[in-house]
Each structure stands twice: as structure tokens, then as C-alpha cells.
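Trainee: Could you take me through this one slowly? I'd like to see how each label is earned.

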Amino acid sequence: MTAPVIRGVNHIGITVPDIEAAKAFLVEAFGGQVIYQSFGPQDPPRQGPEFERAVGASPGTVVRAQAMVKIGIGADIELFEMHGPEQVQPVRASDFGITHFALYTDDIEASVERFEKAGGTPFTAPRAIPYATEKGAGNRVCYGRMPWGTTMEFITTPDRMAYHDQTDLRRWQDED
């Protein structure tokens, strides 16, 4: 039996408290484009034991809206307005599980400025990547938090990285 061929990351799901505010933020902060909204607050919510089992949600969870947003090229962002009795705050870098997603940018300063104007909170100013395998004169990074608490990262790596000496495999980045 042959192994399935994985082509790449299709989308990243993010639960938000207000889908309209989240869509507006992704459009304003990242130039996102709403591809579609599967259903919204005016539609019957998704809920019940079958839904909870299918996605691993806590009993009593209600999904009020779902939308797919494109940001540049790469994986899309799937938003869920979901509410439940056992809901907790978004994870931090020190917690187990998916802690952030990264967006590649050619102009990290302008991207972070736009993010901040839209309501995001950068943790620091853009800075040199400190890891030996990714260092390069122009290689920079900046983490921040979206209005609902999800952590994200801006990254730019226009310069050669040290790991290139160790393997022919390359991380994703837009190659013109």
C-alpha cells in the first residue's frame, strides 16, 4: 500500500468570539479576502452530540457562523464563531497544541504597522531572527496577538539561511 500524498497545509481553523469583527480585522490587517461564508448568525447554529463528536467539541458547544478567508498565497484561514460552556482563552507559546501561525511578508515593518492600526498588538518591533539555522542579514520576525487573542507571526527571509548547507529541502516562501 502506498502512502497518501500530502500536498500541503490547506487551511488553519481559528475560533473567534465575533465572526464579523474577525473577518473585518483579517481584511484590514492582512489584506484578506473572504472567499465564502458557509453560514452566519441568521442561520440555525450547528450543535448537538453528532457535531460535538465529529469535531471533538465540548458538550453544549454552538457554532453560530463559519467563513473562509484567503491571505496571500498559502493556507487559508477558516473562522468559526463558536461558543461553549468549557471555552478557554487562546493558547500561548508555552502551552501544548498549535500556538501560532506565520505570514510571510516582503515588508515586515509595513505589515506590522498595518496589523497594529487594524487592532493587533505586536509583542516587539520586528527583529533579526535569532536562531542560527535561519539567521541572515535581512531575515526578520515579529510576533503579535490578534484582537481575540490568537498569536501570529510575521516573517521575512530574503537572505540565505544556514540550514541551506544541511539539506536540499526548503521552507515555503514566495519565490518569484
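Mentor: Sure. Buried means under 20% relative accessible area, exposed over 50%, and partly exposed in between, with a 1.4 Å probe and protein chains only. Keep in mind that this is a predicted model, where local features need pLDDT of at least 70, side-chain atom pairs count only at pLDDT 80 or more, and totals for chains, interfaces and linings use all residues. Residues are numbered from 1 along each chain as its sequence is written, and side-chain values use heavy atoms, leaving out hydrogens and water.

Trainee: Why is threonine 156 called buried?

Mentor: Its relative accessible area is 5%, and the cut-off is under 20%, so threonine 156 counts as buried.

Trainee: What makes the link from the side chain of threonine 156 to the backbone oxygen of threonine 105 a polar contact?

Mentor: The distance is 2.8 Å. A polar contact needs a pair of N or O atoms within 3.5 Å, one able to donate a hydrogen and the other to accept it; residues adjacent in sequence count only if both atoms are side-chain atoms. So this pair qualifies.

Trainee: Which residues are buried in helix H3?

Mentor: In H3, residues 108-117, they are Ile108, Ser111, Val112 and Phe115. Helices are DSSP runs of H or I, at least four residues, and strands are runs of E, at least two, numbered from the N terminus.

Trainee: How do you know that the buried residues of H3 line one face?

Mentor: Seen down the axis, they fall within an arc of 95°, going by directions from the helix axis to the C-beta atoms, so they line one face of H3.
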